[in-house]
Amino acid sequence: MYRSHTCGELRIAHVGSNVTLSGWVQRIRNLGAMTFIDLRDRYGITQVVVDDSSSSDVKEVVKELGREYVIQISGEVVERASKNSKLPTGDIEVKAKIVKILNTSEIPPFTIEDETDGGDELRMKYRYLDLRRNPVKNALLLRHRMAQEVRKYLDAQGFIEVETPFLIKSTPEGARDFVVPSRMHPGEFYALPQSPQTFKQLLMVAGFDKYFQIVKCFRDEDLRADRQPEFTQIDCEMSFVERDDVLNTFEGLIKHLFAHVKGINFDESFRRMPYSEAMEKYGSDKPDLRFGMEFVELSSIVKGKGFKVFDDAEYIGGICATGCAGYTRKQLDELTEFVKRPQVGASGLVYIRFADDGIKSTVDKFYSPDDLMAIANVMGAKQGDLILVLAGSKKKTLSALCELRLEMGNRLGLRSKDVFAPLWVVDFPLLEWDDEAQRFFAMHHPFTSPNPDDTHLFKTDPAKIRANAYDLVINGVEIGGGSIRIYNRELQQIMFDTLGFTNEEAEKQFGFLLNAFRYGAPPHGGIAFGFDRLCSLFGGSDSIRDYIAFPKNNAGRDVMIDSPSTISQQQLDELSIQIKKNN
């Protein structure tokens, strides 16, 4: 037996007990007459003491110890003279009678501490060491707990967990597939699934009316803090449901997770907001509702005053920053430079100060005090507030206003990670037009059902069709999305026709699903949650990487195992693949 207890288990009630512990040496403090060893495992830290009364054998072994050595100690639990209230085991220590070195360790490339001296790339190269650190370890423990609660809730709701294949057929639309060559079928390829979409629909046809799995998905796309080439979804589907059935069921899941993992209870139903409202008020289909500062369109009251920037603009909109009329010129210049950044894309910023000494603006030359007061009234501004206005093409200006609003939210401390504001965004457009390709693309995927009230628009104005789709957004992050599916073969054919698929293309890519629809497909719908994003949201992080045991870096590389990498010519020959060299 290597241990009788873990390093996080012992308390004052264990005083007098003889115990055996095993773990890693966190640190050693040699005070001459006494040596203290902090022994660590994933459960915590226990202080071990070696003093003058310890045997010479123990003292000799302790002299050899270094950081991250794996050791076993046996001894008596005693009460600490100087207690440590920051440790759960801080009331006791173990007086060592036996110390064994189970394995030595080289000096780690960075400190295994909560606040480490290792940079991101170094810690990812030695991820197995980084995982020993409390912040990363606790992130994975949170992920484990959330996965168990997901399974517990869905099982209680009658869902069954079904695994779907990883080697599937490559399909168009969406992100790029990762492809896998087939040795047995030269020149043919599998694809790794971007989601189990078609398989979960087939499970509905098969009569499994409530399906879920916590599943790996793969997308070959550019990376960022909340995106990895392989990621995990909570993937779900239900039969004989309408939109509200799905929303109510999975709102229940999210409330269950908040209650059982975070200790936060939501008594009210989550807000539901049409896509059009989200775009008009927040410039985003994933608005952060932890604070207000909604957009107000000003075009009708600011045009025609001789200010060319406004007069020529398709859209003029503003936000009201409460209590910010006292912003200095330096602060206002910083905001102007912020909106001019290429990532934001505005050409400039107009501000109106509603200060104690009157109302003033950068456009005083064109607008009288009465004009500015009229703007303030429309904005709902009060004395002490600051109005920020952008103008230009509508799509670009809404996007820039969104970034400005979020920036002001950050500056004013309105985006606390301890506050959660969930909502459902509904009624997305079904289709989006691509000028370059000169055709429509599915905004979600080709199996998303149109709103039943809009199906007649396929013949007259497809761009106005609303999707029977929904996204769950929390704190400005899209946590999950789904839709009621097309289950009728004829409607699916109309959708393919609108997307420009020929019958041959549709049959080649999705023939198996279309054939299944011939055999009594039930009405069905579902949703998929980004499990990594959900974990990082609960953990208060902006990056999903800490919630993945072995993540890739921003270039899509695993620097620990040096992947992707080349393969041998023999393997290439077996796969009938020839590498084309780029200049």
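The following dialogue examines how several descriptions of this predicted model follow from their definitions.

Reader: What conventions apply to the model and its numbering?

Author: This is a predicted model, in which local features need pLDDT of at least 70 and side-chain atom pairs count only at pLDDT 80 or more, while totals for chains, interfaces and linings use all residues. Residues are numbered from 1 along each chain as its sequence is written, and side-chain values use heavy atoms, with hydrogens and water left out.

Reader: Why is D235 called buried?

Author: Buried means under 20% relative accessible area, exposed means over 50%, and partly exposed lies in between, with a 1.4 Å probe and protein chains only. D235 has 1% relative accessibility and therefore counts as buried. The residue is found in strand β10 (residues 230–239); helices (H or I, at least four residues) and strands (E, at least two) are DSSP runs, numbered from the N terminus.

Reader: What makes the pairings of D235 with K200 and with Y211 polar contacts?

Author: A polar contact is a pair of N or O atoms within 3.5 Å; within protein, one must be able to donate a hydrogen and the other to accept it, and residues adjacent in sequence count only if both atoms are side-chain atoms. The side chains of D235 and K200 make such a contact at 2.8 Å, and those of D235 and Y211 at 2.7 Å. Contact in general means heavy atoms within 4.5 Å. Leaving aside neighbours within four places in sequence, D235 also has contacts that include P196, F212, I527 and A528.

Reader: What makes a group of residues a nonpolar core, and which residues have the most contacts inside the largest one?

Author: A nonpolar core is a set of buried Ala, Val, Leu, Ile, Met, Phe, Trp, Tyr and Cys residues joined through side-chain atoms within 4.5 Å. The largest has 39 residues, and M146, L154, F250, I254, F529 and F538 have the most contacts inside it. Helix α6 (residues 243–262) gives the most to this core, with 8 residues. Not counting residues up to four places away in sequence, F538 touches L142, M146, L257, F258, V261 and K262. A second, separate core has 26 residues, including F338, V344, L388 and A400.

Reader: How do you know that the length of α10 agrees with its number of residues?

Author: The expected span of a helix is 1.5 Å times one less than its number of residues. For the 12 residues of α10 (residues 329–340) this gives 16 Å, and the end C-alpha atoms are 16 Å apart, so the two agree.

Reader: Why are the buried residues of α10 said to line one face?

Author: The buried residues are L332, L335, T336, F338 and V339. Seen down the axis, they fall within an arc of 160°, so they line one face of the helix; the arc is that of the directions from the helix axis to the C-beta atoms. The face turned away from the buried side carries the exposed residues R329, K330 and E337. Covering the buried residues of α10 are elements including β14 (350–355), β16 (386–392) and α12 (394–411).

Reader: What makes β14 a paired strand, with β16 and with β15?

Author: Two strands pair if DSSP finds at least two bridges between them. β14 and β16 run antiparallel and are joined by 4 bridges, which satisfies the criterion. In β16, I387 is the bridge partner of I352, and L388 is that of Y351. β14 also pairs with β15 (residues 358–361) in the antiparallel sense over 4 bridges, and A355 stands opposite G358 in β15. These two strands, β14 and β15, form a hairpin with 2 residues between them. β14 is mostly covered, as 5 of its 6 residues are buried.

Reader: Why are β12 and β15 placed at the edges of the sheet?

Author: The open sheet has 5 strands in the order β12-β13-β16-β14-β15, with antiparallel pairing. β12 and β15 each have a single partner strand, so one side of each is left without a neighbour in the sheet.

Reader: What sets E68 and M293 apart in their phi values?

Author: Most residues other than glycine have a negative phi. E68 has a positive phi near 70°, and M293 has one of about 60°. E68 lies in the loop between α1 (56–64) and β4 (70–79), and M293 in the loop between α7 (275–282) and β12 (296–297). Their relative accessible areas are 2% for E68 and 13% for M293, so E68 is buried and M293 is buried.
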